[in-house]
Amino acid sequence: MYQHINDQVCQHCQGTSLEILDSYMNHWIQCNDCLNVFRRGKETFPLDDLIKQPFYNKLYKSLPKRLKKTVQPFLSSTHKFEDKSTWYDYYSKSLEQDYKATKWKKYDDEFLNFLETIDIDLQGKDILAISEGPGFIVNRLRNRVNSIALTEVSQHAADTMAHMLKVDSYAYDFNKDDIQQIVKHKKFDQIWLRSCIAFCNDIDRLAGSLRKILKNESIVYIKFHAPSRLNCLHWMFNIVTTNVWYNPETIVRAFEKNGFELLYPYTRYRQEEPIRLLPRQHWLNTMIVRYYQKLAEKKNKYFTREDRSVYYLCTFRLKQS
Ligand SMILES: [Zn+2]
């Protein structure tokens with residue numbers, strides 16, 4: 001549904017007031033009516049175009065090896081266009097790490113605290129955690145819940161989680177697969193979608209399909225990042241990245257349309273630390289980031305501005321049918 005972004009019409013609401021934020025490997029398109037932001041990956045990158053010019057081409061060829069190496073990650077020909085499935089395999093490797101030292105421990109602490117504050121009980125429940133890689137949380141919960149099953153986009157990651165965590169784990173891509181078939185018509189009390197909904201191209205379809213594998217009055221919990229200029233710039237050097245930054249209202253509408261009610265007003269969190277826009281601190285990287293930052297400040301008048309990463313926690317309950 002959102003795959004064919006063009007520059008004239010929003011594919012979500014047909015709005016025509018669109019604003020494009022330019023970044024190194026992606027264009028981000030914000031619809032000023034629905035406030036969702038869609039990604040359109042570039043086929044060639046700016047440095048490709050530059051070194052195609054005869055003068056720069058000669059210059060590039062004469063660069064010392066070390067400098068060429070610096071430039072290479074920024075060229076489409078040498079940039080690794082990873083296949084999405086191999087990209088997710090890092091989850092398999094992460095499982096070999098010490099959980100306590102990982103970022104996932106922090107995320108899980110925060111998540112479990114949140115469930116406790118809103119009185120969501122896990123005792124004896126059947127849970128499905130979608131795109132939950134690397135899945136460490138299973139070890140913390142297996143004695144409390146009745147069952148917990150995981151999904152991940154890559155078959156390899158799903159198999160590794162099944163093997164290492166001794167858990168039901170399925171390969172599932174919510175843009176392609178039918179979840180009912182994947183989980184073999186099993187029904188759950190809770191479904192968790194933590195930081196994965198931005199990969200989903202059709203939120204309406206997803207809400208409708210989850211409904212089919214939920215028991216009455218069961219819970220869907222979603223954690224997602226809000227659209228922001230900073231989030232877009234942050235993913236400047238990733239060609240395999242999120243497809244849509246959803247405006248929270250779009251998510252609420254999609255679930256309400258499919259028989260869910262918002263259990264608690266959604267909670268908005270603003271990360272205390274600014275996102276590190278410059279993960280690899282070398283000069284070329286820094287120059288490019290600064291350039292696009294300046295460009296966005298100048299050009300993107302209405303684009304959702306945030307200087308911190310903002311995320312929401314949403315809890316829905318399926319109404320009795
Ligand atoms: Zn729109």
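## Helix 10 against helix 12

Ile203, Asp204 and Ala207 of helix 10 meet five residues of helix 12: Thr250, Ile251, Ala254, Phe255 and Lys257. By class, the residues of this contact divide into 5 nonpolar, 1 polar and 2 charged. The model is predicted.

Two packed helices are described by the angle between their axes and the distance between the axes. Helix 10 covers residues 203–211, and helix 12 covers residues 248–257. The two pack at an angle of about 40 degrees. Their axes are 8 Å apart. That angle makes helix 10 oblique to helix 12, because angles under 35 degrees would count as roughly parallel and those from 65 to 115 as roughly perpendicular. The crossing of helix 10 and helix 12 is right-handed.

## Overall build

The protein has 13 helices and 12 strands. Its radius of gyration is 21 Å. The globule rule gives 20 Å for 321 residues, which is close, so the protein is as compact as a globular protein of that length. Along the principal axes, the C-alpha trace spans about 70 × 45 × 35 Å.

## Domains

The domain assignment gives two ranges. Domain 1 runs over 45–73. Domain 2 runs over 84–318. Taken over C-alpha atoms, the centres of domain 1 and domain 2 are separated by 38 Å. Helix 10 (residues 203–211) and helix 12 (residues 248–257) both fall within the bounds of domain 2, 84–318.

## Backbone details

One cis peptide bond runs from Gly133 to Pro134. Its omega is near 0 degrees. Pro134 lies in a loop. Strand 4 (126–130) precedes that loop, and helix 7 (137–141) follows it.

Gln14 has a positive phi, near 65 degrees, although Gln14 is a residue other than glycine. Gln14 sits in the segment before strand 1 (18–22).

Technical notes:
Residues numbered from 1 in each chain as written. Predicted model: local features only at pLDDT ≥ 70, side-chain atom pairs only at ≥ 80, totals over all residues. Axes fitted to C-alpha atoms, helices over the stretch in contact; angles between N-to-C directions. Helix = DSSP H or I, 4+ residues; strand = E, 2+ residues; numbered from the N terminus. Parallel < 35°, antiparallel > 145°, perpendicular 65-115°, else oblique. Left-handed = near helix turned anticlockwise from the far one by under 90°. Contact = placed C-beta atoms within 7 Å. Nonpolar A, V, L, I, M, F, W, Y, C, P; charged D, E, K, R; others polar. Domains from an automatic or database assignment. Rg over C-alpha atoms; globule rule 2.2 N^0.38 Å.
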